[in-house]
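I opened this file to record what can be read from the coordinates. The entries below follow the order in which I looked things up.

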Amino acid sequence: MFDESQDLPRGTLDLMILKVLSLDPMHGWGIIKRIRNLSRDVFRVNQGSLYPALQRLTKKGWVTADWRVTENSRRARYYTLTKGGLQKLDEERRAWEVSTSAVGRVLEATS
Amino acid sequence: MDRLRGVASCLMAWLRREQTKVELDEEMAFHLDMATTENIRSGMSPREARRRAMLEFGSRDWHSERVREERGGSLIEDLLRDFRFGFRVLRKRPIFALAAILTLSVGVGMTTTMFTLVDAVVLRPLPGANAEGMVYFFLETADGSGETSPTPEFLRLLRDHSNSFSQVEAYTVRDYSLSVEGEPLRVEGAMASSGFFSFLGVRPQIGRTFLPQNGTGSGNPIVVLSHTFWLERFGESRDVLGKVVTINGHAHEIIGVLPRDFRVDLLREPRFWVPEGNARQLLIESEPVEGALGRLSPGVTREVAQAELDAIVRNNPVTRRWDRDWVGKVRTPHELVDPSLRRALLFLQGGAVLVFLIACGNLTNLLLAQGEARARELAVRSSLGAGRGRLVRQLMAESAVMGALGGGGGVLLTRWALDSLPFFLPPGYAGFSLNRGVLLLAVGISLLAVLITGLLPALAGSRRNLAEVIKGAPHRGTGIHKYYGTRQVLVVAEVAMAFMLLASAGLLLKNFSKLMQGDVGFPREDLLTVRVELPEEDYGEPELRTGFYEGLRDGLRAQLPRELGMATVANGLVENLSAVIGPIVPEGVSADDREPHPILTWKVAPNFFRVLGLPLSQGRAFLEEDASGEEPVVIINEEIARRHFPSGRAVGRRLQVYRSWHRVVGVSASIELPALQGRFGETQVFLPMGASVDDGFTIIARTEGDRISAVDRIRQVVWSLDRSLPIMEVSLMEDALAESLSEERSNALLMVIFSLTALSLGAVGIYGVVAYSVSRRIQEMGIRLALGASSRGLVGRVVLRGMMTVGIGLVLGAAGTFVLGSTLAGLLVGVDPRDPWVFFPVAAVTAVVALTATWFPARRATTSPMDALRTE
């Protein structure tokens, strides 16, 4: 499946992370699992792409990170979507829909 | 704003870097734990679960590296890390590091030192002064053959009648009797117009300089000390302000100290300055000052100023009184530097630049060799995820560390060199201080050197393909042979430059020794000179000077055996000479046909010719009565006799010298002064001492063996006449001759230092290249040896190959020296710049040094076959 981040169009990973975080604040491990489940095992995000991506999003101010205690009472770094992140997610999602439907129209063209 | 925030977040990130790292580690540990837990839940053993989780996770370092790159602040961190790493790498290879740093230090140090010297002598004759629009005033004879400084009365004319100059200031230097805290001294002091220091823009070290009212002669006499005098006499104590020193019998209050770098003339540093108009120190109206300066009024060009000056000189009662035609001249400070000195210094500066280039070449060489040696390390790191940018940056950081150390070393070396520089220079040049501009220059140069030399190997080193390097195919490696070529080109250039420097040094040395050993016209052995000077306050009256001279003459005659004797000379015998330009008109020739010559004049005692051993070809030496005789007499040298009395007998004819008629009583051989050759040593005139006595004598004595007792006896005679007179400058003729050649000596010495440095650096370069190529081919050598090649043959081949490179360098160097010959010719007297007796030995020396530098590493090619093969 898609193991390597390089196989994903650039920005797709960021979009999926933002989406996952818009549901709930989550730690890195959780984000990977969530993306995997939601994509029905299609996307297995590599740790090597995830953490740099999270760093990137934090730096842009779209997510914030803080240390919390998990349900199994372990310390973990949770990432939360910010207001700016929410806005970005909307923008990105709209852009994504425009481009996928455009790609779809191209692919379905019959003549 | 964004950029500012970027920088701020960079800094913050950097400050928080430790915490960030810990947090990231914890985050990844958590991730691993979760993965492990899940694996266990799916039925694996804990051990297996952990193993799988870690496998899946991959390299934590690699991840954190990626995260770190994503995060800001990594630049600072990277740089610091690179520098630390650079230090570590250098420490691990001390010999390489030392070689590179020393090379750089030497190159930077030499260039900076020479630049400081050129800066002080050629570029800024008046350090610290506001040179904008500054001009010096001179008076020149109409035909341009002679010049003098203007007189105070003429300067006053300028002040009153010219519009071109916003200021006209002057100073004059002379010897003064000084008493400091009861101790009498005789020192050189200066008197300056009251606006002199403010004109130059000199800020005093402490206290103040002159005020305008100091020039009026009212108020208490004041004095400003030079920095040197302050240091020597008062130990830089700030309490000196307000203290009183006695100058020529008058109390003067110290009001200030001049800054350390202040000097009006490279060769003179008056110990103190008094304002014109202080009691009894008025300038003599018709006596030329030491220097007269002014500033062009805003918007006035030099041409306009010169035209106005011409008009003033033409139409003035003061100038009409002068006994010959003078033309006023303005000159910029730069035009004052002696052209031969300027040429010599620029030539030496060129030499230093060559040394610097060689040093850079060497550094590049060393770094390239290092790059080769580290090819494998770099390739491995590159494949482990280090980006090319990072590798280049890290190699650059290594070079930067070396650049910084080398630059620092260069600055230290410069300090030391500037301290010892006076030893290599003609007397009087002293106290060169490292200034900030030069320091910046040194830093700039070392950074430039690093940039040039660091970039090439960094690019070569990072362009590696791991597979190729690991495969161990260095000989076939792509980049390698290309850079080997580069390095050989560097060696060729180094050898060529070293040859040029050596040849120049050889020529200058030969020049110097030829001048030293040249015929001076009289036997120079066992000739002693003693200088006595008569202070102006005690011997101001001509009768007093004449009285002293006669007493000295009689006393010496009584004290010294007949064959010894005294000859007195107004200036010196061979040093401190200056020529007066004027016409020599023989009897019967119209004065209009006169032809001015630089005339060298000695006032001599009757026994001068006998004591010196200067032969007279016609006529006689002076007699005692010549000094007081009715008709002035003169002895001329053969050159004048040949030129003006070509028919033969000159004795008995009359000759106009210095505008008065003299009867020629003798014709003497010329005093051949090597330092004056080609300048003004041809026309020599001897006048009898005694008619008018100057304020100083040089006593010449031929000693047979016991010099000390001769000096003692001279001293006794002098002190029996005046116990307070100091005996100055006792020297041997040999030394005096050497001193008159001090400029030639400096040129040769400095060039020898440069060339030896260049040669050593070149040898290091050759060694490096050969050692490198041998280490590359050590396997091949081993196989050849194993197959029965003789070790001597192998070494021979390596040496031959190295020497071919050297040979090309030698040929190029010789060609370069031939081309430069014309530049060098200006510094040489009587030595052909293409002298084969210099070229061949220089080529031989270079070749031998190069051979040695090749042979040592070449010998390593013959390690036993087993060792050679085992190296891989």
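**Entry 1: chain A, overall**

I began with burial: of the 111 residues in chain A, 41% are buried. The model is a predicted one, and I therefore turned to confidence before going further, since coordinates should not be read in detail where pLDDT is low. The average pLDDT of chain A is 84, and 90% of its residues reach at least 70. Residues 1-6 of chain A fall below 50, and this stretch has 10 contacts in the model beyond near neighbours in sequence. I shall not interpret such a stretch in detail, given that low pLDDT advises against it.

I then listed the secondary structure of chain A and found four helices and three strands. Along the sequence they follow the pattern α-β-α-α-β-β-α. Among the contacts in chain A with a separation of 6 or more, 48% join residues 24 or more positions apart. For the surface, I noted that chain A exposes about 6700 Å², of which carbon and sulfur atoms supply 51%.

**Entry 2: salt bridges**

How many salt bridges does a search of the whole structure find? The search returned 22 over all chains. I looked up three of them individually.

In chain B, I recorded a salt bridge between B:Arg642 and B:Glu639, with N and O 2.9 Å apart. The two residues lie three apart in helix 20 (residues 638-644) of chain B, so about one helical turn separates them. Is B:Glu639 buried or exposed? B:Glu639 is buried because its relative accessible area, 19%, is under the 20% cut-off. Its partner B:Arg642 is exposed, at 54% relative accessibility.

I found the side chains of B:Asp712 and B:Arg715 joined in a salt bridge as well, at 3.4 Å from N to O. Both belong to helix 21 (residues 707-721) of chain B, where a spacing of three residues places them about one helical turn apart. B:Asp712 is partly exposed at 35% relative accessibility, and B:Arg715 is partly exposed at 28%.

Turning to chain A, I noted that shared partners link A:Arg36, A:Asp41 and A:Arg44 into one network of salt bridges. Within it, A:Arg36 pairs with A:Asp41, their closest N and O atoms being 3.0 Å apart. A:Arg36 is partly exposed, with a relative accessible area of 27%; A:Asp41 is also partly exposed, at 34%.

**Entry 3: nonpolar cores**

I next examined the largest nonpolar core, which has 58 residues. Those with the most contacts inside this core include B:Met114, B:Val355, B:Leu501, B:Phe754 and B:Ile766. Several helices of chain B each supply at least two of the core residues, among them helix 6 (94-123), helix 12 (339-373), helix 17 (478-517) and helix 25 (791-825). Which helix of chain B gives the largest share of this core? I found that helix 23 does, with 12 residues.

I followed one core member, B:Ile766, to its partners. Setting aside neighbours within four places in sequence, B:Ile766 contacts B:Val491, B:Val495, B:Val806, B:Ala850, B:Ala853 and B:Thr854. Of these partners, B:Val806 is itself listed with the residues that have the most contacts inside the core.

My last item was a second, separate core of 35 residues. I noted A:Met26, A:Trp29, A:Leu50 and A:Leu57 among its members.

Conventions:
Residues are numbered from 1 along each chain as its sequence is written. Chains are lettered from A and ligands numbered from 1 in the order in which they are written. This is a predicted model: local features need pLDDT of at least 70, side-chain atom pairs count only at pLDDT 80 or more; totals for chains, interfaces and linings use all residues. Side-chain values use heavy atoms; hydrogens and water are left out. pLDDT is the predictor's confidence in each residue, from 0 to 100. Contact means heavy atoms within 4.5 Å. A salt bridge is a side-chain nitrogen of Lys or Arg within 4 Å of a carboxyl oxygen of Asp or Glu. Buried means under 20% relative accessible area, exposed over 50%, partly exposed in between (1.4 Å probe, protein chains only). A nonpolar core is a set of buried Ala, Val, Leu, Ile, Met, Phe, Trp, Tyr and Cys residues joined through side-chain atoms within 4.5 Å. Accessible areas come from the Shrake-Rupley method with a 1.4 Å probe; for residues, only the protein chains shown count as cover.
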